[in-house]
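Hi everyone, thanks for making time. I'd like to walk you through one model today, so let's put it on the screen.

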Amino acid sequence: SIAYLNGQLLPIEEAKVPALDRGFLFGDGVYEVIPVYAGRLFRFKQHIARLENSLQGIRLPMEQTLQDWANICHQLIEQNSLNNASIYLQITRGAYPERNHDFPANPSPTIFAMITALPEVQAVPSDRDLQGISVITAEDIRWQRCDIKAITLLANCMLKQQALECGANDTILVRGGVAFEATSSNLFIVRDGVIITPPLSEHLLPGITRDFLLWLAEQHGILTEQRLIPEHELLQADEIWLTSSTKEIRPVTRLNDVTIGNGTAGPVWRQMYDHYQQLKV
Ligand code: PDD
């Protein structure tokens, strides 16, 4: 596929970054994952607003405008003729002659973007969608700024791998008995018809899908609540979902080997699935 690197479009195999790049040495960078549906960027302004917050969070100011970022994305969509895809956009603090922890006075950031096809989601959920996924819970070993979409994802990878080695698909992350999100998605539960998700804090990413779902629910008169979810409450939930730009809304039907609800995607999930598919295009 054709990727973007520092102003150039080139085959992804030829996109090379210096070994002294601070992204490589320190994980000093941030990223976004932006969905493309029917050739159009979905919730683009919100993704770029979050990118700007992440950049501010690591004190890396950039002069690119919304239009500049959009141009990069549109070039990738066109060059790769993809209609249903996700764009990965990453900015690191750049490469310098020496490995030095101090922030450079005049940074020259590395901008990289690539595009990956997304599976076509059908208007009617597949058996596989309905079956849902299986998760475990584990202590959140990440840092105190999970609201920044940082490229330093070692803890996320370890926690995801832990799930795979337990025969599960993902891990819900818990701090002091409270569940916040999963390794690459936000957490929702449903109880008595009310959609509940943890409030924004430094312990979770302000998910664009999370925000969209809260808005969608309100539009359809479904009650929502933003409050902390104790780990033990997960087992009492009628439904559990994980949400992200690439997974959309994924029902969780097993938690630590216990069945959630009746073991398949629940009715509120089904409603939200329909609303989501309708508004995607
Ligand atoms: N991950 N929480 C974490 C830790 C995430 O990494 C993500 C997204 C989300 C959901 O955010 P959004 O709805 O804006 O995609 C929540 C992306 C998709 C990734 O790392 O691939």
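One convention before the ligand: Ala, Val, Leu, Ile, Met, Phe, Trp, Tyr, Cys and Pro count as nonpolar, Asp, Glu, Lys and Arg as charged, and the others, Gly among them, as polar. This is a predicted model, where local features need pLDDT of at least 70, side-chain atom pairs count only at pLDDT 80 or more, and totals for chains, interfaces and linings use all residues. Residues are numbered from 1 along each chain as its sequence is written.

So, what classes make up the shell around the ligand? There are 3 nonpolar, 9 polar and 2 charged residues. A residue is near if its C-beta atom, placed from the backbone, lies within 6 Å of the molecule. Of the 14 residues around the ligand, the nearest are Leu205, Gly207, Ile208, Thr209 and Ser245. Two elements, α6 and β14, each give two or more residues to this shell, and α6 gives the most, with 3. Helices here are DSSP runs of H or I with at least four residues, strands are E runs of at least two, and both are numbered from the N terminus.

Now to the domains, whose bounds come from an automatic or database assignment. The chain divides into domain 1 (2-117) and domain 2 (127-280). Their centres, taken over C-alpha atoms, are separated by 26 Å. Counting contacts as C-beta atoms, placed from the backbone, within 7 Å, 20 residues of domain 1 touch 13 residues of domain 2. On the domain 1 side, β3 gives the most, with 8 residues.

Technical notes
Contact = placed C-beta atoms within 7 Å.
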